[in-house]
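Here is a short tour of one sheet and one helix pair, written to be read alongside the model. Have the structure open and follow along.

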Amino acid sequence: MPRPLRIAFLKPEFGVTGGLEAVVGQLEAIARADGHEVARLGVDMRPPRAAVAGLEIPRPVWDAAPEYFPYLAGRAEFDRLDVRRFDLVVSTQSPSFAVRHPRHLSVFYHHHRVYYDLEEVYLRAGFAPDETVHREAGKLVRELDQPCLEQVGWFLAGSGAVAERLVRFNGLTNASVFHAGLIVGDERPPATGPGTGAVLSVGRHEFPKRTELVVAAAHLLPEVEVALVGTGGREAWANALDHRLATSDDDPAALTDEETWCNTGQGAPAVPDGHRSNVEFAGRVSDAELAQRFADAPCVVAPAFQEDYGLTAIEAMAQGKPVIVCTDGGGLTELVEHERTGLVVEPTPAAIAAAIERLTSDRDLAAELGANGVRRAAELSWEAAADEWRAGMEQVLA
Amino acid sequence: MKIAVVAPSPVPFTRGGAERALWGIQQAINDLTHHEAEMIKIPVDESTLPAVINSYQLFSELDLDHFDRIITTKYPAWMVDHDHKTILMMHVLRGVYDTYQYHHQPLTVPNPSDHVFAMLHLMRTNPGHRGALPEFFERWTNALAALGPDHPDFVFPGPFARLAIRWLDGIGMAPGAVKQYLSQSKTVALREGYFPTTVTPKIVNLPGHLPPAPHNDEYGSYLFTASRLDGPKRLDLLIDAMQYVPGDIELRIAGTGSLRPQLEAQAADDPRIRFLGFTRNDLLPELYANALAVPFIPADEDLGLITLEAFSQGTAVVTCTDSGGPTEFIKDGATGLVAEPNPAAIGAKLASLVADPDLAHQLGQAGKERGERITWDLVVEALLGDERFTPEELAARGAEGGDATEAARPRSRRRVVVLTTFPINDPGHGGQLRARNLYGALAAVRPVEVVALVDFGHQPSVQNLAPHLSQVVIPRSAAHHLKGEELSAEARMPVTDVVAGSHIELTPAYLEAVAEAADGASAIILAEPYLLPVVEQLDLDVPVIYDAYNVEASLKAGVFPDSALGAELLAQVVAVERRAVVRSARTTTCSEPDAVALAADAEVGPEHFTVIPNGTTIPAEVISAEDRAAQGARWRRRYWTAGSTGAEPEHLAVFFGSWHPPNLDAVELLIEVAAELPETLILSVGFHGQAFLNRIVPDNLVFPGMVTTRTKDRLLRAADVALNPMRLGSGTNLKLLEYLAVGTPVVSTPFGARGIDVVDGEHLRFAEPDRFAAVLAEVLADPAGAQVRAEAARALVSERYSWDRLGRSLADVVSDIVPAEARR
């Protein structure tokens with residue numbers, strides 16, 4: 001194989017810039033630094049018309065399976081891409097793995113999750129207009145995905161949880177775990193250890209990030225201020241939950257998942273102007289402000305359900321903050337070790353509140369977990385990640 | 001069962017909301033029950049008085065005895081005579097009721113002709129009397145023949161028409177002639193004269209769902225309303241409001257009507273306003289579904305089907321405060337928007353949705369959920385009750401629910417019946433708190449049945465609140481409600497408690513419920529004196545305990561207006577309170593001074609009284625010292641403003657209070673205390689904080705505002721000391737008991753502890769106002785001593801002031817007065 005290689009990175013575009021976009025950018029930079037020619041091929045996943053591979057789908061049919069058709073449309077676009085001029089293709093998010101190439105490395109963080117590991121919880125939350133249709137669509141998606149995934153040469157799985165999903169759903173073991181680091185080059189303040197300001201939770205208000213659990217937990221600890229950084233489609237819902245708990249004697253510990261996070265988040269009652277509580281919805285903040293909030297926080301809560309990786313946990317550990325995650329947090333539980341770098345607790349408002357209470361009462365414990373976190377985060381460097389990446393490349397080229 | 005749905009067929013025929021409702025009722029009975037429903041219609045022309053009266057006659061002579069029951073929704077259909085008649089009122093002939101005033105006609109017939117005079121006499125002397133109908137119709141026929149239809153006495157709407165139609169309705173709707181009254185909305189139920197005054201109609205909303213329509217390219221790009229183009233719909237107001245809606249958003253108006261030319265002229269300058277004219281029903285769903293919002297601002301609408309149609313498509317509705325029916329579903333900012341009825345206010349609401357389509361979507365979704373709670377199932381339930389089921393279905397349901405067995409169990413002769421003017425299970429004012437806790441605790445000794453007279457509009461129900469504690473809820477009738485409103489308006493303050501008993505005959509259902517509950521009971525407790533007339537009118541042979549929450553006479557003397565009405569009301573209160581003491585076998589009071597005052601007024605000896613103070617709930621656990629320290633530190637951190645100067649606070653003291661003059665005065669003292677003790681953070685919690693918003697106070701005095709009970713409990717336990725710096729007020733200080741019950745050390749003025757048997761130095765520390773800061777400093781300096789006192793105080797309160805203990809005291813009073821034969 002002649003070097004330098006011509007490498008194509010395949011990227012579905014969802015119109016957002018999040019952790020994954022940063023990871024892909026970082027890998028492209030590493031490949032360039034290694035002397036390869038790098039190109040990015042993007043496909044817009046927000047189709048302008050209701051059509052799959054040129055076939056017009058009637059609008060009511062399209063709307064009846066709102067996850068299915070856009071996914072098929074995106075898949076078809078990747079399937080059509082001509083990548084013969086490249087020596088190696090690197091697929092990223094689902095469904096970019098649909099591209100066909102003999103040397104195919106997949107940086108794999110997730111399937112189309114509502115048809116895989118999130119199917120049950122997605123249905124339980126009531127997102128699907130029709131459960132039967134959704135399940136049938138799921139079967140079709142998995143049948144269509146299987147041969148594409150089987151033609152991938154090697155998977156760099158975003159976490160152990162993700163590698164396990166490839167085994168469970170696809171019977172695939174040609175994978176190694178790839179630990180993305182924090183993005184290098186960002187100016188970061190030195191780690192500070194636990195602060196005395198507001199407890200911090202950084203994450204989009206989206207299903208199933210479960211920011212609602214933090215809101216409910218905060219109302220079990222009215223003397224603790226909690227800040228939620230991030231925006232998202234469920235912000236109004238979380239806000240309404242905050243208002244409800246701040247103005248009623250409803251017991252936050254008695255709330256069901258359906259009342260907090262396991263629902264569509266639609267139809268939230270309006271919250272009156274001027275409502276304030278011990279929960280701050282900080283929205284989007286500047287990097288400088290976020291750094292300050294990290295510095296002030298006594299601990300960080302990352303309550304997400306089955307996270308693919310968990311960059312926020314690494315970020316918190318790098319800042320010397322103990323991290324509270326949940327037992328079903330997926331990748332998060334691989335990064336955070338109970339009573340070593342944080343607390344791993346049941347996904348309930350009461351358990352999260354108890355963890356916050358423990359870390360804000362026992363400052364020595366918080367400081368110790370924070371210091372361990374700094375060391376753990378240092379292990380997750382981009383230097384180490386680049387080695388894992390190159391090893392994956394060799395697997396495909398061998 | 002065979003059921004006839006009886007209604008007029010409008011001439012000319014239009015397929016409006018009323019017709020859809022009728023078809024829906026017929027279909028719901030046929031589809032959802034084993035009964036058979038048939039629709040019976042007779043054409044009714046409403047254009048002239050002779051035509052209207054003719055239709056009243058036709059219905060009154062209609063024989064529908066081949067049906068087991070009939071359901072009517074509208075005049076003149078309820079003129080049918082039947083053994084089992086249900087009225088589900090859509091509305092009466094509005095022109096001779098609530099909109100009569102717009103016709104500028106007198107209320108009496110000026111110089112009536114002899115024919116009309118005779119009819120007026122017949123009507124006046126035979127209200128609600130069906131037997132007078134043949135004579136009336138005969139005289140009417142003769143009068144019409146003699147005078148001709150254009151005679152001035154027959155102006156329509158006019159005074160004779162008004163009196164005649166109301167008289168006819170009075171016969172069709174007479175209480176003896178109707179088995180069940182329902183109203184399609186609260187608005188309709190409350191209108192003057194619609195229902196007989198002694199009747200409380202049950203509210204049952206009729207669904208107005210349209211089939212769901214898909215979103216199209218135009219989704220969210222226009223405002224839409226569907227309406228008859230006539231005066232009461234107020235489209236002129238909507239067109240004016242559009243001046244206040246910026247941008248190029250269209251307003252589409254579907255519908256036809258007499259005002260179309262005027263409205264089009266009015267809208268000529270605004271190209272965004274489009275009249276769609278007659279619009280087929282099958283096109284409506286899509287028009288609603290894709291609208292950004294639906295403005296619907298009629299004046300005093302009966303129900304407003306438009307609201308429910310828009311709800312069914314998830315589209316937000318903007319209505320007005322005086323729109324009637326729609327406001328029963330639309331709560332401003334929650335399930336839609338409600339504007340004051342002027343163009344600027346309506347325009348502003350619409351503009352807010354144009355600017356924030358997400359909000360419009362959210363409100364639409366909330367409206368949709370509200371609409372989905374209105375179902376045909378509930379309509380069938382309201383119309384037929386348990387009879388909607390076959391006996392087998394009912395038996396199966398009884399076996400599941402267990403309610404049937406509950407009702408069948410013989411009731412204990414030990415039971416006590418309590419009469420209240422409020423539901424005891426709503427946390428609210430102090431009276432409700434006492435009732436729920438004291439009678440709840442009594443229920444541990446004797447079964448308690450509360451008969452609660454509640455506001456008009458609630459559903460009557462029977463609730464099991466706890467083992468051996470049940471509550472029968474009886475809403476006031478519309479007439480009773482209106483009487484209360486009328487007198488409250490005149491007195492310029494709520495006097496509904498007084499009216500509860502003084503006009504109890506307006507809610508006969510309450511008298512019946514008490515008679516039923518008291519039959520065979522061992523005692524009656526009168527919670528407050530106001531329902532004494534119930535006991536007097538029923539002449540019950542059951543011993544009565546009067547539980548006096550206050551000395552009402554002195555309480556009301558301070559607040560009733562200085563007017564003739566005020567004096568009259570006060571005299572009533574004084575009299576009813578005195579009679580309650582005299583009529584009761586025993587009177588219980590909240591304090592010794594109350595007993596003394598009541599005894600003096602009624603000239604009854606002290607042995608007649610037992611003091612049962614207000615109590616408190618004793619929490620099972622106290623907080624540990626470590627948790628108090630950790631939580632206290634966090635509270636101090638949360639409320640210590642970083643920018644302030646001075647020492648960081650080391651201690652946490654708390655005060656709780658509503659916006660009530662004695663509390664505001666107490667805070668004045670706290671301001672002085674805080675200045676002297678800069679190292680103590682004082683949290684002054686409650687609505688009273690609003691009163692100090694613009695005051696400059698020491699940095700260590702903070703007003704967190706209102707908090708939930710949950711938060712209050714947590715803060716109270718975390719505090720180093722709770723403060724009771726009261727200098728003014730009356731009655732006992734319930735919050736002091738609460739402080740002592742949770743085991744938090746207390747500093748109180750001696751005045752603040754009046755009526756509570758605590759000892760300075762043993763249970764708490766007393767401090768006169770001028771020494772308050774000094775004593776507080778001593779308490780904070782000696783936490784061990786404070787802890788010992790707090791534990792002693794908690795023991796004392798558990799012993800004397802727990803509701804359980806007080807409930808047993810009340811049970812002892814009951815046992816004392818119950819005749820021996822009922823004590824078995």
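In strand β20(B), V611(B) is the bridge partner of T589(B). This is a predicted model, so please read the geometry below in that light. The strand on the other side of this pairing is β19 of chain B, residues 586-589, and three bridges join β19(B) to β20(B), the two running parallel.

Stepping back, these strands belong to an open sheet of eight in chain B, ordered β15-β16-β14-β13-β17-β18-β19-β20, with mixed pairing. At its edges lie β15 (461-466) and β20 (609-611) of chain B, each paired on one side only. From one strand to the next, the twist averages 20 degrees.

A helix also packs on this sheet: α30 of chain B, residues 803-817, touches β13, β17, β18, β19 and β20 of chain B. The direction of α30(B) makes about 170 degrees with that of β19(B).

Three of the strands that α30(B) touches are listed here with their residue ranges.

| Strand (chain B) | Residues |
|---|---|
| β13(B) | residues 416-420 |
| β17(B) | residues 523-527 |
| β18(B) | residues 544-548 |

Now to a helix pair in chain B. The axes of α1 (residues 17-32) and α13 (residues 376-384) of chain B come within 10 Å and cross at roughly 85 degrees, which makes α1(B) roughly perpendicular to α13(B). On the α1(B) side the contact is made by G24(B), I25(B), A28(B), I29(B) and L32(B), and on the α13(B) side by W376(B), D377(B), V379(B) and V380(B). By class, this contact has seven nonpolar residues, one polar and one charged.

Methods. Residues numbered from 1 in each chain as written. Chains lettered and ligands numbered in written order. Predicted model: local features only at pLDDT ≥ 70, side-chain atom pairs only at ≥ 80, totals over all residues. Pairing = 2+ DSSP bridges. Helix = DSSP H or I, 4+ residues; strand = E, 2+ residues; numbered from the N terminus. Axes fitted to C-alpha atoms, helices over the stretch in contact; angles between N-to-C directions. Contact = placed C-beta atoms within 7 Å. Parallel < 35°, antiparallel > 145°, perpendicular 65-115°, else oblique. Nonpolar A, V, L, I, M, F, W, Y, C, P; charged D, E, K, R; others polar.
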